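This briefing walks through one protein model, topic by topic. Please keep the sequence and the 3D view open while reading.

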Amino acid sequence: MPPKVFTTSQLQARTLKRGERVRLVSELPGVPQGTEGKVAMANGFTWNRYWVRLVDGRVVGHIDHDDLVRTRDYERYLVARDREAEEAELAALVAAEAADDPSADAAAEAEAGEGTGEAVVNGVPVPAYLLQRSADARTRLGA
C-alpha cells in the first residue's frame, strides 16, 4: 500500500497543545526556519498563536499557527509544501495557456451547452427553461 500523501493544511489542522514539540516552517525575525522548540503557551479562539521555548533557551511569543508544525510532521510538511508549489505553478501555466487560446474557450462553451438547449454566458450554462421564461416575458410585454 502506498504511503498516504498529506497536504500542508492537513498537517497543520489540529491546534497545538502546551508541551508539544514543534518546528518553525517559516522564517521569523531572528529565528531561522526549521528551528525546533516546545510549546510553552497556546492562546486564541479564532486566531491561534503560541509562545514557543526554543532549544537554545529563548522564548518567542505570538507565533502564528501557520508558522508551526509538529516535529514528527516537519519532513512531510516540507515535501507537501514543495508539491503544492509545483502544482500551483503548473495550474498557473495551464491557465495562462488557456487564456492565450480563445478557440479552446469557444469550443468548451459550445460543448457545455451542446444538445441541452442551454446557452453559455461567460462560461456559465444558462438552463433552457430560464431562456424560455425570458422569451415568454418579452412576448407578454410586447418587446
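A residue is called buried when its relative accessible area is under 20%, exposed when that area is over 50%, and partly exposed in between. By that rule, buried residues account for 23% of the 143 residues in the protein. The model is a predicted one.

**Overall make-up**

- The protein contains 4 helices and 7 strands.
- Along the sequence, these elements come in the order α-β-β-β-β-β-α-α-β-β-α.
- About 10100 Å² of the protein is exposed, and carbon and sulfur atoms supply 56% of that area.
- Take the contacts between residues at least 6 apart in sequence: 42% of them join residues at least 24 apart.

**Strand β1 and its two neighbours**

- In a regular strand, the side chains alternate between the two faces of the sheet.
- In β1, Val22 and Leu24 make up the covered face, while Arg21 and Arg23 make up the uncovered one.
- Which strands pair with β1? One is β2, residues 36–43, which pairs with β1 in the antiparallel sense over 3 bridges.
- β5 is also joined to β1 by 3 bridges, and these two strands run antiparallel.
- Arginine 23 has a residue opposite it in each of these strands: glutamate 36 in β2 and valine 69 in β5.

**From β2 through β3 to β4**

- β2 pairs with β3, residues 49–54, over 6 bridges in the antiparallel sense.
- One pair of bridge partners here is methionine 41 and tryptophan 51, the latter in β3.
- β2 and β3 form a hairpin with 5 residues between them. Glycine 44 lies in the turn and has a positive phi of about 100°.
- β3 is joined in turn to β4 by 4 bridges, and the two run antiparallel.
- Valine 52 has valine 60 of β4 as its bridge partner.
- β3 and β4 also form a hairpin, with 4 residues between the strands. In this hairpin glycine 57 takes a positive phi near 100°.

**Two residues of β4**

- Strand β4 covers residues 59–64, and valine 59 is found in it.
- Is valine 59 buried, exposed or partly exposed? Its relative accessible area is 39%, so valine 59 is partly exposed.
- Histidine 62 also lies in β4. Histidine 62 has a positive phi of about 55°, although it is not a glycine.

**A nonpolar patch on the surface**

- Which residues form the nonpolar patch on the surface? They are Met41, Trp51 and Val59.
- Together these residues have about 240 Å² of accessible area.
- Two members of the patch, Met41 and Trp51, are the bridge partners already named for β2 and β3.
- Residues must have over 30% relative accessible area to count towards a patch. Val59, at 39%, is therefore above that cut-off.

**Helix α2**

- Helix α2 spans residues 74–100, which makes 27 residues.
- From its first C-alpha to its last, α2 reaches 39 Å, close to the 39 Å expected at 1.5 Å a residue.
- Which residues of α2 are buried? They are Tyr74, Tyr77, Leu78 and Ala80.
- What do these buried residues pack against? They pack against α1 (8–11), β1 (21–24) and β5 (68–70).
- β1 and β5, which are among the elements packed against α2, are also joined to each other by 3 bridges.

Notes: Residues are numbered from 1 along each chain as its sequence is written. This is a predicted model: local features need pLDDT of at least 70, side-chain atom pairs count only at pLDDT 80 or more; totals for chains, interfaces and linings use all residues. Side-chain values use heavy atoms; hydrogens and water are left out. Patches are made of residues with over 30% relative accessible area and no salt bridge: like charges are joined within 9 Å, nonpolar side chains (Val, Leu, Ile, Met, Phe, Trp, Tyr) within 5 Å. Accessible areas come from the Shrake-Rupley method with a 1.4 Å probe; for residues, only the protein chains shown count as cover. A salt bridge is a side-chain nitrogen of Lys or Arg within 4 Å of a carboxyl oxygen of Asp or Glu. Buried means under 20% relative accessible area, exposed over 50%, partly exposed in between (1.4 Å probe, protein chains only). The expected span of a helix is 1.5 Å times one less than its number of residues. Contact means heavy atoms within 4.5 Å. Two strands pair if DSSP finds at least two bridges between them.
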